[in-house]
Amino acid sequence: MQPRNMSMSGVVDLAAVKAAQEAKAKAEQARAEAARQGGTGAVSPADLVIDVDEAGFERDVLQRSAEVPVVIDFWAEWCQPCKQLSPVLERLAVEYNGRFLLAKIDVDANQMLMQQFGIQGVPAVFAVVAGQALPLFQGAAGEQQIRQTLDQLVTVAEQRFGLTGLTVDPDAEPGGAAAGAAAPEGPYDAALNAAAQALDAGDLAGAVRAYKNVLADDPAHPEAKLGLAQAELLQRVQGMDPQKVRQEAAEKPKDVTAQIAAADLDLVGGHVDDAFGRLIDTVQRTAGDDRDAVRLRLLELFEVVGPEDPRVVGARRALARALF
């Protein structure tokens, strides 16, 4: 199955959130089945580094990525930098104690996967989170850089997708029946699943209510905050006439309502920089309540994309300059 490229935290993609929730539910079923068969729900340290081929990619990488970030090390026997990088990744996989799973892929034996990921040379390191692939780095890298990248990966995976990783038991048998078990069900999983079902049915209002129910009890819940921001964005653009909205925005550069509507469309269309730039320009052209309305919408869009995304970081700096 061909992976989809994505930014680690900047994709306006409710389907990604739904996919993570649905895959998590499947993992819960697998966990229950493993428990019935006498599984412990834990993996051994040896299970944190696995060899993957094309036949097992969907099972070992895509499906597992619904419960834990999967870091992929593309390597080759003839590659000298690979021989320096791979042992570092293997050691860190054990050190991170289940916060990510390391999948090693020999590019010589798996040419199709190499082509699908668009790899031009090895070593190359990717990650798959909730079924979506993203590049991490290519070539040999220092351990400090690798650690920083992994720290960002596991943080985003937990905050955006609720992926808390695997439970590791040093005494567990490698490759046990519960090696693919997911974390225990959280207190808000039922409400989050209800939101996913509402989205599947096209019921944006229902999804908004479900996310708000979670936030009523836990105002800082990251998955609910993200889901609510994205569902409300889709609600706002539902029924819009894109051509009319963009024409009004072009003809009325100082019209706050027109610029906000166009920015919403920009973001839904994946034009993140355009959306941010439009609203920052509008902040510079306005004052008082109008300026505040634009600023608040921009902060809402930051929430949709994610605070870690470099486009958000840059836009926050630009907004500060425009305001002060």
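## Strand pairing and the sheet

Two strands are taken to pair if DSSP finds at least two bridges between them. In this predicted model, strand β2 (residues 70-75) and β3 meet that criterion, being joined by six bridges and running parallel. Phe-74 is placed opposite Ile-105 in β3. From β2 the chain passes through helix α3 (residues 80-95) before it reaches β3, and this β-α-β crossover is right-handed.

The complete sheet is open and contains five strands in the order β1-β3-β2-β4-β5, with mixed pairing. Its edges are formed by β1 (49-51) and β5 (132-138); each has a single partner strand, so one side of each is left without a neighbour in the sheet. From one strand to the next, the twist averages 25°.

## Partners of the edge strands

At one edge, β1 runs parallel to β3, and three bridges join the two. Asp-51 stands opposite Lys-104 of β3. At the other edge, β5 pairs with strand β4 (residues 124-129) in the antiparallel sense, over six bridges. Ala-124 has Gln-138 in β5 as its bridge partner.

Strand β3 (residues 101-106) has five of its six residues buried, and is therefore largely enclosed by the rest of the structure. In a regular strand, side chains alternate between the two faces of the sheet.

## Aromatic pairs

A pair of aromatic rings is described by the distance of the centres and the angle of the planes. The model contains six aromatic pairs. One of them is formed by Phe-57 and Phe-117, whose rings lie 5.9 Å apart centre to centre with 80° between the planes, an edge-to-face arrangement. Phe-57 belongs to helix α2 (residues 57-63), while Phe-117 lies in the loop between α4 (111-116) and β4; the pair therefore ties together parts that are 60 residues apart in sequence.

Both Phe-57 and Phe-117 are buried. These two residues also belong to a cluster, linked by ring pairs, that includes Phe-74 and Phe-126. Phe-74 is thus a residue of this cluster as well as the one opposite Ile-105 in β3.

## The disulfide

A disulfide is a covalent bond between the sulfur atoms of two cysteines. A search of the whole structure finds one such link. The disulfide joins Cys-79 to Cys-82, with an S to S distance of 2.4 Å. The link is right-handed, with 85° about the S-S bond. Cys-79 and Cys-82 are both buried.

Note on methods: Residues numbered from 1 in each chain as written. Predicted model: local features only at pLDDT ≥ 70, side-chain atom pairs only at ≥ 80, totals over all residues. Heavy atoms only, no water. Helix = DSSP H or I, 4+ residues; strand = E, 2+ residues; numbered from the N terminus. Axes fitted to C-alpha atoms, helices over the stretch in contact; angles between N-to-C directions. Phe/Tyr/Trp six-rings, centres within 6.5 Å; stacked < 30°, edge-to-face > 60°. Buried < 20%, exposed > 50% of the residue type's maximum accessible area, 1.4 Å probe, protein only. Disulfide = S-S within 2.5 Å. Right-handed = clockwise from strand over helix to strand, strands pointing away.
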